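Let's take a walk through this one together. Have the sequence and the 3D view open side by side, and we'll go from the outside to the inside.

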Amino acid sequence: DVFVRVGQTVDVPLTMRIGAIEETVQVVAPAASIDTSSAAIGASLDSATLSRLPVGRRFSDTLYLTPGVSTGGSVGIANPSIEGSSGLENQYVVDGVNITNGGYGALGSYSIVFGSLGNGTPFDFMQEVQVKTGGYEAEFGQATGGVINVVTKSGTNFFKGSAFGYA
C-alpha cells in the first residue's frame, strides 16, 4: 500500500532475486512519516476523510481543517487567512489551472461592498485538496499567503451519487 499524495514524491526501493517457482517474494516497508524531498508545510485532505468530517459542503470550508488556517476577517469566509496573510493573498489551483480571481486575489467572485461571494463548488467534486501554508515551490510564486491545490475526481462508467442535508 503506497499512497502518493498531490505534490509528493515517493521512493520505493525494490530488490528482486532470482528464485525457484515455489518461492514467494514479500516486500514489506514502513511508511515514511516525513517527506524529506519537500520543504512545504501544510496538509492534504482526501475525499474519503472529508466525507466523514462535519464541515461545510463548499471546498473552501474544508481549508479550515489545516493548521495555520483561520478566518480571513472582512474578506469573507471563502478566503481564509493562511499563516497570518490576508485572505486575498492565496493562490487557488484546480487540476493545474490557476483559478484565483485576477482582480482581487479571491476565490471565486469578490465584491468591494459585500466581500467574498465565494465559490459554490461542493467538495464532493474534489478527490484531494492540498493546502500549502509555507515553504512551497517557486512555481507558486504569485502567492504571498498560502497555496490551495485541488485535484478533481475522474469520471467512471458507473452511475453513482451522494446526498446530504442540514438540520
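Before we pick out any residue, one cut-off is handy: a residue is called exposed when its relative accessible area is over 50%, and buried when that value is under 20%. Keep in mind, too, that what you're looking at is a predicted model.

Start with M16, which sits in the segment before β1. Its relative accessibility is 66%, so M16 counts as exposed. M16 also has company out there: together with V2, V4, V10, V12, L14, V25 and V27, it forms a nonpolar patch on the surface. The accessible area of that patch adds up to about 780 Å². As for the chain as a whole, about 11000 Å² is exposed, with carbon and sulfur atoms supplying 56% of that.

Now step back and look at the overall layout. The chain has two helices and nine strands, and if you follow the sequence along, they come in the pattern β-α-α-β-β-β-β-β-β-β-β. Of the 167 residues, 34% are buried. Take the contacts between residues at least 6 apart in sequence, and 57% of them turn out to join residues at least 24 apart.

Next, find the open sheet of five strands, ordered β1-β8-β9-β4-β5 with mixed pairing. Its edges are β1 (41–46) and β5 (97–98), each of which pairs on one side only. Let's cross the sheet from the β1 edge. β1 runs antiparallel to β8, and six bridges join the two; along this seam, D46 stands opposite E128 in β8. Strand β8 itself, residues 126–134, is mostly covered, with eight of its nine residues buried. On to β9: this strand pairs with β8 in the antiparallel sense, again over six bridges, and T152 in β9 is the bridge partner of M126. At the far edge, β4 (residues 91–94) and β5 are antiparallel as well, paired over two bridges, and there V94 sits opposite V97.

So which residues does N149 touch, leaving aside its neighbours within four places in sequence? First, place it: N149 is in strand β9, which covers residues 147–152. With a relative accessible area of 12%, N149 falls below the 20% cut-off and is therefore buried. Its contacts beyond those sequence neighbours are V6, V93, E128, V129 and Q130. You've met E128 already, as the residue in β8 that stands opposite D46.

Methods: Residues are numbered from 1 along each chain as its sequence is written. This is a predicted model: local features need pLDDT of at least 70, side-chain atom pairs count only at pLDDT 80 or more; totals for chains, interfaces and linings use all residues. Side-chain values use heavy atoms; hydrogens and water are left out. Two strands pair if DSSP finds at least two bridges between them. Helices (H or I, at least four residues) and strands (E, at least two) are DSSP runs, numbered from the N terminus. Buried means under 20% relative accessible area, exposed over 50%, partly exposed in between (1.4 Å probe, protein chains only). Contact means heavy atoms within 4.5 Å. Patches are made of residues with over 30% relative accessible area and no salt bridge: like charges are joined within 9 Å, nonpolar side chains (Val, Leu, Ile, Met, Phe, Trp, Tyr) within 5 Å. Accessible areas come from the Shrake-Rupley method with a 1.4 Å probe; for residues, only the protein chains shown count as cover. A salt bridge is a side-chain nitrogen of Lys or Arg within 4 Å of a carboxyl oxygen of Asp or Glu.
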